[in-house]
Amino acid sequence: MIKKPRSRIVWAVALATATAATVTIGATTGGPPNPLPVDPPTRPTADRGKEPQVEPQATERRQIATSVLDRDFKFTLTALRSRTDPLAASVRIQVFTFKDGAWRESDRALVGDVNGWFWFPLTGRHAVCQFSTASTEPAPVAVSLLITPSVGCSPAENFLIENGQIIPA
């Protein structure tokens with residue numbers, strides 16, 4: 001029986017392991033940086049004097065809250081899922097006025113930043129921590145949403161609604 005030297009086999013295994021580690025490290029540290037997101041198109045608000053507002057590009061929408069005040073105003077909060085990041089979302093508040101027997105949108109604004117929320121907490125139970133409205137003129141609206149179950153609720157973002165137009169408070 002011919003015995004092969006054991007040291008050569010160990011050396012070959014060590015060489016293969018070192019090569020695999022070098023390839024893995026090189027693959028994870030190299031390559032081009034992630035591209036920056038492209039700005040979505042802007043949409044002016046109903047009031048021409050306001051600055052244009054960035055409207056998120058959404059693949060999925062889900063209404064998360066609504067409030068109706070004396071058939072004068074209707075407010076809705078809608079979660080808009082991001083097209084670029086399936087875990088991210090934006091939240092839109094819309095104001096509707098009742099005219100000629102139908103609700104007509106009079107203005108809209110974003111709550112927080114574009115894609116600044118997480119989709120699943122926004123569309124799950126207990127997503128809306130606070131959504132308060134009042135039928136005074138101007139009408140105050142306060143919105144607080146769940147960031148994540150472990151983090152809790154966001155600070156309230158306040159708006160004023162005057163003649164159907166959203167005014168950041």
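Which two side chains meet in a salt bridge at 3.1 Å, N to O, one of them being Glu 105? I looked this up at the start, and found that the partner of Glu 105 is Arg 108. For this entry I take a salt bridge to be a side-chain nitrogen of Lys or Arg within 4 Å of a carboxyl oxygen of Asp or Glu.

Ground rules. I note that this is a predicted model, in which local features need pLDDT of at least 70 and side-chain atom pairs count only at pLDDT 80 or more, while totals for chains, interfaces and linings use all residues. Residues are numbered from 1 along each chain as its sequence is written, and side-chain values use heavy atoms, with hydrogens and water left out.

Overall layout. I went through the secondary structure and recorded two helices and 12 strands, where helices (H or I, at least four residues) and strands (E, at least two) are DSSP runs, numbered from the N terminus. Read along the sequence, the pattern is α-β-β-β-β-β-β-β-α-β-β-β-β-β. I then looked at burial, for which I use three classes of relative accessible area: buried is under 20%, exposed is over 50%, and partly exposed lies in between (1.4 Å probe, protein chains only). Of the 169 residues in the protein, 33% are buried. The protein exposes about 11,100 Å², and carbon and sulfur atoms supply 58% of that area; accessible areas come from the Shrake-Rupley method with a 1.4 Å probe, and for residues only the protein chains shown count as cover. I also checked contacts, meaning heavy atoms within 4.5 Å: among those between residues at least 6 apart in sequence, 45% join residues at least 24 apart.

Salt bridges. My search of the whole structure gave three salt bridges. In the pair I began with, Arg 108 counts as buried at 14% relative accessibility, whereas Glu 105 is partly exposed at 31%. The other entries centre on Glu 60, and I wanted to know which residues are linked with Glu 60 in a network of salt bridges. They are Arg 62 and Arg 81. Between Arg 62 and Glu 60 the closest N and O atoms are 3.0 Å apart, and between Glu 60 and Arg 81 they are 3.1 Å apart. The pair of Glu 60 and Arg 81 links distant parts of the chain, since Glu 60 is in strand 3 (residues 58-69) and Arg 81 is in strand 4 (residues 73-82), 21 residues apart. I compared the accessibility of each member of the network: Arg 62 is partly exposed at 34%, Glu 60 is partly exposed at 27%, and Arg 81 counts as buried at 16%.

Disulfide. I found one disulfide in the structure, taking the term to mean a pair of cysteine sulfur atoms within 2.5 Å. It joins Cys 129 to Cys 153, with an S to S distance of 2.0 Å, and the link is left-handed, with -80° about the S-S bond. Cys 129 lies in strand 8 (residues 128-133) and Cys 153 in strand 10 (residues 152-153), so the disulfide ties together parts that are 24 residues apart in sequence. Cys 129 is partly exposed at 32% relative accessibility, and Cys 153 is likewise partly exposed, at 44%.

Thr 78. Next I turned to strand 4, where Thr 78 has its place, and asked myself whether Thr 78 is buried or exposed. At 8% relative accessibility, Thr 78 counts as buried. Leaving aside neighbours within four places in sequence, I listed the residues in contact with Thr 78, among them Arg 62, Ile 64, Ser 90 and Val 91. I also noted that Thr 78 and Leu 110 are 32 residues apart in sequence and 9.6 Å apart in space, C-alpha to C-alpha.

Backbone notes. I recorded a cis peptide bond between Glu 137 and Pro 138, with omega about 0°; Pro 138 is found in the loop between strand 8 and strand 9 (139-148). His 126 has a positive phi, near 65°, in a residue other than glycine, and is found in the loop between helix 2 (119-123) and strand 8, where His 126 is exposed at 61%. Asn 163 also has a positive phi, near 55°, and its place is in the loop between strand 11 (157-162) and strand 12 (165-168); at 62% relative accessibility, Asn 163 counts as exposed.
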